[in-house]
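I opened a fresh notebook page for this one and sat down with the coordinates. Here is the structure I was looking at.

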Amino acid sequence: MLTTKHPKSTFTYQNFDIEYHGFGVLNAKKIYYINLKIHNTKNHRIVFKSILIDSNAQFIKELKGSINSKSSYNGLFRIYNGDENSFVNKKGNIIKINFPYKIDENTKFKNIKKYKENLITICLKDKWGFIDKKGNLVIEAKYDNAYDFNEGLARVELNGKCGFIDKKGEIAIDTKYNKTKDFFQGMAAVEIDNKWGFIDKKGNLVIEAKYDFIDGLDDDLAFFDIQGASKIGLYLILNKENIVSYFHDGLASILINKKFGFIDKNEKLIIKAQYDEVGHFNKGFAKVKQSDKWGLIDKKGKIIVKIKYDQIIILDNNLILAIKDKIVNMINLKIKKTIKINVLKYINFDC
């Protein structure tokens, strides 16, 4: 499932160029956010703001910075506002957390990754390990590289090979693969003899390693923007045919004859390969693209939202945001109600 980054949607208001910079859920059915990048063309200043709204598109508050719901700590979401310790809780309030960046006065980390599943990935003297939130080293820094925990297991690299460890630091799956990707819904992608397949948490190969590429979660190689700035991602979608994605809601996208469809875990084609691009299934729906426009389908392939929007974001089971001609529409699928959101009403132009 090679998905694009969201296409940039920019519009102009007086001296300001305003760009939709991301969307997401803070609190299901209660609080949603719209990230904005605001460029004052008069003084050449750029600021980032997050507008919080409820399920009826009513304004709640404005926050300075951009919220990233994929970077979280104990239910809090990171907000990029110049303070690396700032997070947002599910009520939309800023919370400050002082993360440890050293074990003691004499031991400083060379690098540190994000906090995930109660552990932080750190680099100490060119080797990687894990600390807890108090800064205690709980998994020895002995790996050539290590990645964040997902579903109780973390990817590690040792002597040029990759495998997985558990939270006790013990090898759960031998370091024998050339490349691996994170576990998701009980499966992880692995590369064997230059082909990709899936293993389960016991290391059993559950889907044969026969694909040229598997689109992983948050894998920068799989993303490219609308201008094709990432040559690797652009090359993959233009030149490789044998590509499959991770499974979401039991289905994975697959590329056949330069068109995307969906297969189940038995690799049976469930939804015909007919789309130019697709997103993964989420809450029972997936966004699909044809002729440069996006719509929404269900797991039977039925079109739920017409393919006519510039961008679609699935928020909750019955709630989506759909952008058309720079206007954000909040669509409630259950009651078939659409609300147009005028973000200009909510922005404080103090920049």
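My entries below cover the nonpolar cores, one buried aspartate and the salt bridges.

**Before starting**

I am working from a predicted model.

**Entry 1: the nonpolar cores**

I began with the largest nonpolar core and asked which of its 25 residues touch the most other members. I found Tyr20 and Ile341 in that role. Next I looked up where the core residues come from. Strands S2 (16–27), S3 (31–40), S4 (45–53), S34 (319–324) and S35 (327–332) each supply at least two of them. S2 gives the most, with 5 residues.

I then followed Ile341 through its contacts, leaving out residues up to four places away in sequence. On that count Ile341 touches Ile34, Ile53, Ala57, Leu321, Val328, Met330 and Tyr346.

Apart from this core I noted another one, of 21 residues. Its members include Phe183, Ile199, Ala252 and Ile263.

**Entry 2: Asp182**

Is Asp182 buried or exposed? I looked it up: its relative accessibility is 16%, and because buried means under 20%, Asp182 counts as buried. This aspartate is found in strand S20, residues 179–184.

I wanted to know which side chains Asp182 makes polar contacts with, and I wrote down two partners. The side chain of Asn150 is one of them, at 3.1 Å. The side chain of Arg155 is another, at 2.7 Å.

I also listed the wider surroundings of Asp182, leaving aside neighbours within four places in sequence. Asp148, Asn150, Arg155, Met187, Ala188 and Tyr246 are in contact with Asp182.

**Entry 3: the salt bridges**

How many salt bridges does a search of the whole structure find? The search returned 12. I took a few of them one by one.

*Lys127 and Asp144.* Their side chains meet in a salt bridge, 2.5 Å from N to O. Lys127 sits in strand S14 (residues 127–131) and Asp144 in the loop between strands S15 (137–143) and S16 (145–150), so this pair ties together parts that are 17 residues apart in sequence. I checked accessibility too: Lys127 is partly exposed at 30%, and Asp144 is partly exposed at 32%.

*Lys195 and Asp212.* Here the closest N and O atoms of the salt bridge are 2.4 Å apart. I placed Lys195 in strand S22 (residues 195–199) and Asp212 in the loop between strands S23 (205–211) and S24 (213–215), so the parts tied together are 17 residues apart in sequence. Lys195 counts as partly exposed at 31% relative accessibility, as does Asp212 at 25%.

*Lys293 and Asp310.* For this salt bridge I noted 2.5 Å between the closest N and O atoms. Lys293 belongs to strand S31 (residues 293–298), while Asp310 lies in the loop between strands S32 (303–309) and S33 (311–314), so the pair ties together parts 17 residues apart in sequence. The relative accessible area of Lys293 is 26%, which means partly exposed. Asp310 has 21% and counts as partly exposed.

*A network.* My last question was which residues are linked in a network of salt bridges. I wrote down Glu277, Lys289 and Asp292.

Notes
Residues numbered from 1 in each chain as written. Predicted model: local features only at pLDDT ≥ 70, side-chain atom pairs only at ≥ 80, totals over all residues. Heavy atoms only, no water. Core = buried A, V, L, I, M, F, W, Y, C linked by side-chain atoms within 4.5 Å. Buried < 20%, exposed > 50% of the residue type's maximum accessible area, 1.4 Å probe, protein only. Helix = DSSP H or I, 4+ residues; strand = E, 2+ residues; numbered from the N terminus. Contact = heavy atoms within 4.5 Å. Polar contact = N/O pair within 3.5 Å; in protein donor to acceptor, adjacent residues only side chain to side chain. Salt bridge = Lys/Arg side-chain N within 4 Å of Asp/Glu carboxyl O.
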